[in-house]
Amino acid sequence: MSDESITEKKAPGPTTDLKDMNDLVSLCKRRGFVFPSSEIYGGITACWDYGPLGIEVKRNVKELWWRAMTDRADVEGLDAAILMHPKTWEASGHVSGFVDPLVDCKNCRARFRADQIDKTKYKPNECPSCGKFGTLTEPRQFNLMFKTFMGPLEESASVVYLRPETAQGIYVNFLNVHQSARQKVPFGIAQIGKAFRNEITPGNFIFRTREFEQMEMQFFVKPGTDMEWFEKWKKTRIDWHLANGIRKSKLRFHQHKDGELAHYAKAAFDIEYEFPFGWQELEGIHNRSDFDLKRHQEFSGKKLEYFDEVGRERYIPYVVETSAGCDRTLLVALADAYRTDGDRIWMQLHPNLAPYKVTVFPLMKKPDLLEFKDKVFNDVKKKYRATQDDAGSIGKRYRRQDEIGTPFGVTIDYDSLSNNTVTIRHRDSMAQETIPAEKLTSYIEEKIAGYKVVD
Ligand code: GAP
């Protein structure tokens with residue numbers, strides 16, 4: 001019989017959340033979620049690489065978003081090019097207006113965004129880094145778009161930009177999608193893709209980076225119905241984050257007041273998340289009026305009107321935009337999931353987001369147990385992303401899976417062989433249940449469907 005037990009002791013301490021981002025950064029590095037980019041060369045600021053587990057979570061985030069958006073009859077998908085005609089960015093206002101005020105300290109060489117210096121903490125012209133007075137330069141307007149050249153000549157005529165948002169690819173394709181997909185207003189276009197911003201103050205891990213992915217949807221509506229759709233999309237989007245298991249108490253709406261509104265926005269709300277470094281934007285929901293289509297009509301000379309066959313009228317649709325950062329959604333998922341009780345760290349990820357849904361553990365490396373394990377593993381992995389682990393004590397193996405958020409551990413011991421059963425160990429509660437081996441897949445399906453987050 002086995003000399004190991006599959007039962008484990010509960011850890012003594014109370015459960016705590018993520019308090020220090022460094023704990024998450026080190027877990028992500030250690031377990032292969034996120035690595036600093038080009039690390040062997042010392043890294044490059046504000047760029048990160050997703051490792052074997054990070055890419056799984058990221059793909060889950062994108063798939064959940066894509067399904068939620070495009071399974072609707074009134075939203076179509078798109079994948080536009082990153083490089084666009086340079087006039088796009090004149091029309092959108094990015095060439096003239098996508099700027100941040102940059103100040104440098106002549107003493108310590110630290111660099112800040114003038115609008116982000118906390119005026120309640122620092123006196124005018126005091127450097128927040130070295131504390132000296134009178135050493136800050138006058139603010140200079142710094143455009144956040146990355147410039148490059150198209151073709152072999154590095155001259156002004158060949159300047160192109162790496163897109164700072166995916167939205168413009170949607171506006172310029174409004175007519176193409178409307179006509180080819182035979183959609184009538186109201187309808188939306190959804191897109192996931194890379195965006196680039198030469199941020200002055202990137203940071204907080206993958207929160208603000210220079211290369212990131214956006215998940216954006218532009219919903220084209222009849223003017224006058226825009227605020228109604230704006231309210232509907234606000235609710236749809238916060239419900240999506242809640243369905244992914246993000247705790248309600250950690251999410252809130254923040255309304256942009258007059259001074260905060262972007263040049264294109266008639267109304268805007270951010271969905272904010274409470275990170276260890278404070279409440280910060282996760283996603284923006286904007287009523288962009290007819291600003292974008294009007295500007296593209298003006299700059300391209302191409303009519304971007306919609307003909308409403310029912311009302312027999314022509315108009316430029318208004319746009320309600322939902323704009324989420326994919327990396328930021330992933331950061332929220334990881335930060336929200338992080339739990340420790342002093343002894344144990346576990347990632348309480350929603351099973352839909354977890355890199356693996358199931359791990360199969362043979363209690364020991366004995367041929368009959370391994371054979372049974374292979375059978376169970378090959379069966380469960382047909383439906384769920386699964387892994388297996390047979391190295392070290394069972395307690396250590398449970399802990400390794402806890403840290404990467406695998407919700408179900410399946411243990412094979414000698415009772416399994418005699419009774420054709422498996423024991424499921426639950427990540428969140430550490431509870432164990434023994435079930436017939438052939439019921440494993442349907443059991444997991446049921447548990448994932450009924451998964452509830454405790455706020
Ligand atoms: N099309 C509208 C737009 O781009 P935004 O508020 O500038 O609006 C939308 O960006 C979302 O993109 C943000 O809520 C955030 O999740 C993400 N995002 C923006 N800048 C980012 C950055 N430097 N790093 C990571 N994510 C970023």
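## The ligand and its shell

In this predicted model, 22 residues surround the ligand, and Glu165, Glu199, Thr209, Glu216 and Glu281 come nearest. Among the strands, β10 (211–221), β13 (278–287) and β16 (318–325) each bring at least two residues to the shell around the ligand. Which of the strands gives the most to this shell? That is β13, with five residues.

A few atom pairs are worth a look if you are setting up the site. A nitrogen atom of the ligand lies 2.8 Å from a backbone N or O atom of Thr209. An oxygen atom of the ligand lies 3.0 Å from a polar side-chain atom of Gln214. For Leu282 the partner is again an oxygen atom of the ligand, 2.9 Å from a polar backbone atom of the residue. On its own the ligand has 550 Å² of accessible area, and the protein covers 92% of that.

## The chain as a whole

Let us step back to the full chain. The protein chain has 455 residues, and 52% of them count as buried. Its secondary structure amounts to 13 helices and 23 strands, and the C-alpha trace spans about 80 × 65 × 45 Å along its principal axes. Among contacts in the chain with a separation of 6 or more, 67% join residues 24 or more positions apart.

The surface and the charges can be put in numbers too. About 21900 Å² of the protein chain is exposed, with carbon and sulfur atoms supplying 50% of it. There are 68 positive and 67 negative side chains, and the centres of these two sets lie 1 Å apart.

## Backbone geometry to check

Most residues other than glycine have a negative phi, and most peptide bonds are trans. With that in mind, three places in the backbone deserve a visit. The peptide bond from Val185 to Pro186 is cis, with omega near 5°. Pro186 sits in the loop between α6 (174–180) and β9 (187–196).

Ser289 is not a glycine, yet its phi is positive, at about 50°. This serine belongs to the loop between β13 and α8 (291–300), so the strand that gives the most to the ligand shell is also one that borders this loop. Asn420 likewise has a positive phi, near 55°, in a residue other than glycine, and its place is in the loop between α12 (414–419) and β22 (421–426). Is each of these two residues buried, exposed or partly exposed? Ser289 counts as buried because its relative accessibility is 14%, under the 20% cut-off. Asn420, at 34%, counts as partly exposed.

## Buried loop residues

Being in a loop does not settle whether a residue is covered, as Cys105 and Ser158 show. Cys105 is in the loop between β4 (99–104) and β5 (111–113), and it counts as buried because its relative accessibility is 2%. Which residues is Cys105 in contact with, leaving aside its neighbours within four places in sequence? They are Ala110, Cys127, Cys130, Thr135 and Leu136. As for distance across the chain, the C-alpha atoms of Cys105 and Lys365 are separated by 62 Å, with their positions 260 residues apart along the chain.

Ser158 lies in the loop between β7 (147–149) and β8 (159–161). With a relative accessibility of 12%, Ser158 also counts as buried. Beyond residues up to four places away in sequence, Ser158 touches Thr148, Phe149, Met150 and Leu153.

## An exposed glycine and a lysine

Where is Gly342 found? It is in the loop between β17 (338–340) and β18 (345–347). Gly342 counts as exposed because its relative accessible area is 75%, over the 50% cut-off. Its C-alpha atom is separated by 37 Å from that of Lys235, 107 residues apart along the chain.

Lys302 completes the tour, in the loop between α8 and β14 (306–308). Leaving out residues up to four places away in sequence, Lys302 touches Leu175 and Gln297. The C-alpha atoms of Lys302 and Ile200 are 36 Å apart, and the two residues are 102 positions apart along the chain.

Conventions: Residues are numbered from 1 along each chain as its sequence is written. This is a predicted model: local features need pLDDT of at least 70, side-chain atom pairs count only at pLDDT 80 or more; totals for chains, interfaces and linings use all residues. Side-chain values use heavy atoms; hydrogens and water are left out. Helices (H or I, at least four residues) and strands (E, at least two) are DSSP runs, numbered from the N terminus. Buried means under 20% relative accessible area, exposed over 50%, partly exposed in between (1.4 Å probe, protein chains only). Contact means heavy atoms within 4.5 Å. Accessible areas come from the Shrake-Rupley method with a 1.4 Å probe; for residues, only the protein chains shown count as cover. Lys and Arg count as positive and Asp and Glu as negative; His and the chain ends are not counted. The place of a charge is taken as NZ of Lys, CZ of Arg, CG of Asp or CD of Glu. A residue is near a molecule or strand if one of its heavy atoms lies within 4 Å of it. A polar contact is a pair of N or O atoms within 3.5 Å; within protein, one must be able to donate a hydrogen and the other to accept it, and residues adjacent in sequence count only if both atoms are side-chain atoms.
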